[in-house]
Amino acid sequence: MVGGLHGDALMEVAFRVDASTLIGSGHVMRCLTLADALAEAGARCFFVMRQKPGSLEGAVRSRGHQVLMLSSGGAEQSASHSESEPSHTGWLGVSWEADASDTLQALKGIELNWLVVDHYALDHRWESQVRDCCRRLMAIDDLADRKHQCDLLLDQNLGREPHDYDGLVPIHAERLIGSDYALLRPEFSRARALSVEKRKTREPGNILVSMGGVDAANVTGDVLRVLDTIGVVASCRVTVVVGAACPHIDEVTDQAESMRLDTRVVVNANNMAELMSQADLAIGAAGGSAWERCCLGLPSLLVVMADNQRPGAEALKRAGASLSLGWPGALEETLPRAMREVLAAGRLLEMSQNAAAICDGLGVQRVADALREGSDE
C-alpha cells in the first residue's frame, strides 16, 4: 500500500510537468502513469502545469487527479542560447525563478510527501527553491546534462548507467536507472505474455505507425508517403495512431484514404497495448513509447525526432530490438532499406525476442514502491 504512511495519513504527491505542441505529451503521460499507480494505492496526486496549447489538462482531470494550472507566460522557444542555462530553458516560457514562485503559490497549504519534477527546463536551482514545500523531491530525467537537488532520480533509458549522474545529484540521492523502471501503464504488463507468444507463429502483415501524441511536424505524413511506395509491404495493413493534440489529424486521415495500402487512422487510442499486440512491426518515434513496444515484444523502426532521442535509439539498435531510421529527412532512403531487412525470413522474430528482454512492464510499480519506502523513512 502507498497510503497509510504515518498511521492513517494520506500520501500526497505533486507533479511539476508540462505538455505542449513543442514539448510533446510524453512527460505528462509518464507522470500520469505513476500518479495512477499511486492513486490506486490511496495517494492523492496534484499536477502543476503551465497553460500551453496541448497542455493535456483534460486528460489529467479525466483520470481523477487535481490540476493546478499556472498562467501561460511567454512564448516557448526550442533551445537555450545561454551556456549557463539548461538546453531546454526555452520550454518554460518564464524564468525558473518565476516558475518556482508560481509553483510554491499553487501548492500553498498542501503537505506534500513528494514533489516530482519532470521538466528539461528545470534544474537544481529550481529544485532548491521549492524544497520547503515537500518532504522529499524526485527528478525524472533522460539527459544527464544538468545538476539536480533531489532525493530520488529516475532515468528509465536503456544504455544509461548510474555513474552518468555522478556529480549531478547529491550523494544521498537514490538512483533508479534503466528500462527496469520504465513508467508503463498496467495494460502493457498484462498483455505481455500473450503478445510475445503469438509472434512466434504469426505471419507478419500488420504495421503500426505512431509518431507520438503531438507530431507537430507531421512526420506521420512523411512515413505514410514513403511507405506507400515500397513494394515489399504491398500486402500489409497499416494502422496509424495520432493523438488528439496533433494539428494534422485531417491531413493524415485524407492521406490514409488515398493510399494504395490498406490504411486506417485511430485518433487518441485508449487501447494501445491491444494495437501493439496486433502489430508485427512499429514505425515510431524514439521516445518513451519505445519501452511499451519492447514490453510487448514489438520490433520497431525508430525515427529520431529530437537530439535527446538519439542515445536511446542507438541503444535499442545495439540490443537488436530495432533499427534506426535517423532523422525524418532521411526517410526516403532509410525506410525502404529497413523494411526489406526486417521482412527477411526470421528477422522480426529475432528482433521481437530481443525487445521483450529489455522491459517487463513492471517499472511503474518499482518506482511507486521507491516513493512509498522513501516516505516511510
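**Exercise 1. Helix α6 against helix α11**

Task: In this predicted model, describe how α6 and α11 pack: what angle, what axis distance, and which handedness?

Solution.
Step 1. Two packed helices are described by the angle between their axes and the distance between the axes.
Step 2. For α6 and α11, the angle is about 55° and the axes lie 10 Å apart.
Step 3. Angles of 65 to 115 degrees count as roughly perpendicular, and those under 35 degrees as roughly parallel. The pair α6 and α11 is therefore oblique.
Step 4. The crossing of α6 past α11 is right-handed.
Step 5. Now list the contact residues. From α6 come V219, D222, V223, R225, V226 and L227. From α11 come L331, E332, L335, P336 and M339.

**Exercise 2. A salt bridge inside α6**

Task: D222 and R225 both lie in α6; how many residues apart are they, and what is the N to O distance of their salt bridge?

Solution.
Step 1. Helix α6 covers residues 219–227. D222 and R225 are 3 residues apart in this helix, about one turn.
Step 2. Their side chains meet in a salt bridge, with an N to O distance of 3.8 Å. The cut-off is 4 Å, so the pair qualifies.
Step 3. Check accessibility. D222 has 25% relative accessibility and counts as partly exposed. R225 is partly exposed too, at 41%.
Step 4. Link back to Exercise 1. D222 and R225 are also among the α6 residues that contact α11.

**Exercise 3. A salt bridge inside α11**

Task: Which helix holds R337 and E333, and what is their separation along it?

Solution.
Step 1. Both residues sit in helix α11, residues 331–342.
Step 2. They are 4 residues apart, so about one helical turn separates them.
Step 3. The side chains of R337 and E333 form a salt bridge at 3.6 Å, N to O.
Step 4. E333 is exposed, with a relative accessible area of 55%. R337 is partly exposed, at 44%.

**Exercise 4. Sequence neighbours and a network**

Task: How far apart are the closest N and O atoms of R372 and E373, and which residues are linked in a network of salt bridges?

Solution.
Step 1. R372 and E373 form a salt bridge, with their closest N and O atoms 3.5 Å apart.
Step 2. R372 is partly exposed at 21% relative accessible area. E373 is partly exposed at 44%.
Step 3. A network of salt bridges links R16, D18, R50, D99 and D102.
Step 4. For the whole structure, the salt bridge count is 30.

**Exercise 5. Helix α1 against helix α13**

Task: At roughly what angle do α1 and α13 cross, and which residues meet?

Solution.
Step 1. Set the limits: α1 spans residues 26–40 and α13 spans 363–376.
Step 2. Their axes come within 10 Å and cross at roughly 65°.
Step 3. The crossing is right-handed.
Step 4. On the α1 side, the contact residues are T33, L34, A37 and L38. On the α13 side, they are V364, V367, A368 and L371.

**Exercise 6. Cysteines**

Task: How many disulfides does the model hold?

Solution.
Step 1. A disulfide is a covalent bond between the sulfur atoms of two cysteines. The cut-off for the sulfur pair is 2.5 Å.
Step 2. The count is 0 disulfides.
Step 3. Take C294. Its nearest cysteine sulfur belongs to C359, 6.7 Å away. C294 is buried, at 3% relative accessibility.
Step 4. Take C359. The nearest cysteine sulfur is that of C295, at 5.2 Å. C359 is buried as well, at 2%.

**Exercise 7. Two loop residues**

Task: Is L298 buried or exposed, and which residues does L298 touch?

Solution.
Step 1. L298 lies in the loop between α9 (289–295) and β12 (300–303).
Step 2. Its relative accessible area is 1%, so L298 counts as buried.
Step 3. Leaving out residues up to four places away in sequence, L298 touches R199, L208, M276, A279, D280, L281, A282, R293 and A355.
Step 4. R199 is 99 residues away along the chain, with 8.6 Å between the C-alpha atoms of L298 and R199.

Task: Where is P86 found, and is P86 buried or exposed?

Solution.
Step 1. P86 is in the loop between β3 (66–70) and α3 (96–106).
Step 2. At 6% relative accessibility, P86 is buried.
Step 3. A41 is 45 residues from P86 along the chain, and their C-alpha atoms are 35 Å apart.

Notes:
Residues are numbered from 1 along each chain as its sequence is written. This is a predicted model: local features need pLDDT of at least 70, side-chain atom pairs count only at pLDDT 80 or more; totals for chains, interfaces and linings use all residues. Side-chain values use heavy atoms; hydrogens and water are left out. Buried means under 20% relative accessible area, exposed over 50%, partly exposed in between (1.4 Å probe, protein chains only). Helices (H or I, at least four residues) and strands (E, at least two) are DSSP runs, numbered from the N terminus. Axes are lines fitted to C-alpha atoms, for helices over the stretch in contact, and angles run from 0 to 180 degrees between N-to-C directions. Angles under 35 degrees count as roughly parallel, over 145 as roughly antiparallel, 65 to 115 as roughly perpendicular and the rest as oblique. A crossing is left-handed if the near helix is turned anticlockwise from the far one by less than a right angle, and right-handed if clockwise. Contact means heavy atoms within 4.5 Å.
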